[in-house]
Amino acid sequence: MAALGAGLLATGLASPAGATDDDGASTTVEPFGTTPEGTSVERWTLANGEMTVRVLTYGGVIQTLEVPDADGEVGNVVLGFPDLAGYVSDDDPYFGALIGRYGNRIAGGRFTLDGTTYQLPLNDGPNTLHGGPQGFDDQVWQATPVGDDDVAALRLELVSPDGDQGFPGTLTTTVTYSLDADSRLSIHYAATTDAPTVVNLTNHTYWNLAGEGSGDVYDQTLQIHAGAYTPVDETLIPTGEIAPVAGTPFDFREPTAVGARIREDDQQLLYGQGYDHNWVLDRTDDGAREGSDSEDALEEAAVVHDPGSGRTLTISTTEPGLQFYSGNFLDGTLVGTGGHVYRQSDAVVLETQHFPDSPNHPDFPSTVLRPGEVYDSTTVFALAH
Ligand code: BGC
């Protein structure tokens, strides 16, 4: 599975419009509107076996992901907007988007690298969240179909100039979505820089295995292979402690209903208004990135199961951390793809990542990327029913 991704070659492309093979994988494209700045946006459809995924060049967004349930009924299991206006709006809570340059928070939007202190724009109270106000989720990526007869795949590329959102170095990022015939969606991230910088890329898909817009996910079970998590302060910045989950509402080592403990009187849950924390994944390696983490193995991180539909999502990653965000700030003001209003905990977001605020925590696995090194990270979402 780890081999899926950037290594795929663009073979068998029928036309500039995309690669299609009626017997198996297909990758097709259609227009999806124009940004307020006048840039055209495309929507790519990756189809293979039982699964269909729609990806926008705006933010690299996974707009819809359709899979059958146990009765063979096909449904969309991710939250999103029906049109570009929703994604361009400041109210978009990163539905399905690629997150960069730095997933989650950097305290005070400030960090020091090689003796130079960088100040980023703040967009989350006193902190910088998800790469700043115009992060990778707000950029239009360049798309190229790279699939073949067996795999539907799309490569997205973005060059972020030196100083973009306050970060040093020109960062060249390639993200490849690959969908195989067994309903496995792989996301491969690669990046290089021309000056020392920090990088932490992820995807911000909101999952509801019972179906987008079907209500809360409290009865769906979650298992996270993690014996520890990183507690936060009241602004959701890690305190630096690596705390055991045992005996806390953060213990998901066994499959547990998302809602079972979410309203317990626990200071950490109160800070997050639910779950909004980074779990320290149990890994056989340490997940640390030293120049490149391409040697890190793809290891199972989490499993979500919906007893009602019979759908199961299994997440594997090369990353050391997983942010579990229980959609706490969905407040009934957004209307999704199916015309339903989204409310608190209508989805789980499971972001594979390095830990939040790592540039300010030398004890955390490093997020530093230097010229000559390749940032290399893979996450696989496997759907079953
Ligand atoms: C963060 C939340 C934030 C959300 C934005 C999550 O990754 O951890 O605190 O509100 O993204 O939708």
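**Group meeting: Ser309 and the ligand site**

Hi everyone, let me begin with serine 309, which is buried, at a relative accessible area of 10%. We call serine 309 buried because its 10% falls under the 20% cut-off. Keep in mind that what you have on screen is a predicted model.

Where does serine 309 sit along the chain? You'll find serine 309 in the loop that runs between strand S24 (299–305) and strand S25 (312–317). And what does the side chain of serine 309 reach? That would be the backbone nitrogen of arginine 311, at 3.2 Å.

Now let's move over to the ligand. The ligand takes up the space of the largest pocket. Around the ligand there are 13 residues, and the ones that come nearest are Arg105, His130, His204, Asp276 and Glu351. If you like to sort a shell by character, this one splits into six nonpolar residues, four polar ones and three charged ones.

For those of you who think in atom pairs, here are some distances to oxygen atoms of the ligand. In arginine 105, a side-chain N or O atom is 2.6 Å from a ligand oxygen. For histidine 204, the distance between a side-chain N or O atom and an oxygen of the ligand is 2.8 Å. Asparagine 104 also places a polar side-chain atom 3.1 Å from a ligand oxygen. And how much of the ligand's accessible area does the protein cover? On its own the ligand has 310 Å² of accessible area, and the protein covers 94% of that.

That's my tour, thanks for listening!

Terms used:
Residues are numbered from 1 along each chain as its sequence is written. This is a predicted model: local features need pLDDT of at least 70, side-chain atom pairs count only at pLDDT 80 or more; totals for chains, interfaces and linings use all residues. Side-chain values use heavy atoms; hydrogens and water are left out. A residue is near a molecule or strand if one of its heavy atoms lies within 4 Å of it. A polar contact is a pair of N or O atoms within 3.5 Å; within protein, one must be able to donate a hydrogen and the other to accept it, and residues adjacent in sequence count only if both atoms are side-chain atoms. Accessible areas come from the Shrake-Rupley method with a 1.4 Å probe; for residues, only the protein chains shown count as cover. On a 1 Å grid over the protein atoms alone, a cavity is a set of points where a 1.4 Å probe fits but cannot get out, and a pocket is an open set with protein on both sides within 12 Å along at least five of seven lines; lining residues have an atom within 4 Å of a point. A molecule sits in a cavity or pocket if more than half of its atoms lie within 2 Å of its grid points. Ala, Val, Leu, Ile, Met, Phe, Trp, Tyr, Cys and Pro count as nonpolar, Asp, Glu, Lys and Arg as charged, and the others, Gly among them, as polar. Helices (H or I, at least four residues) and strands (E, at least two) are DSSP runs, numbered from the N terminus. Buried means under 20% relative accessible area, exposed over 50%, partly exposed in between (1.4 Å probe, protein chains only).
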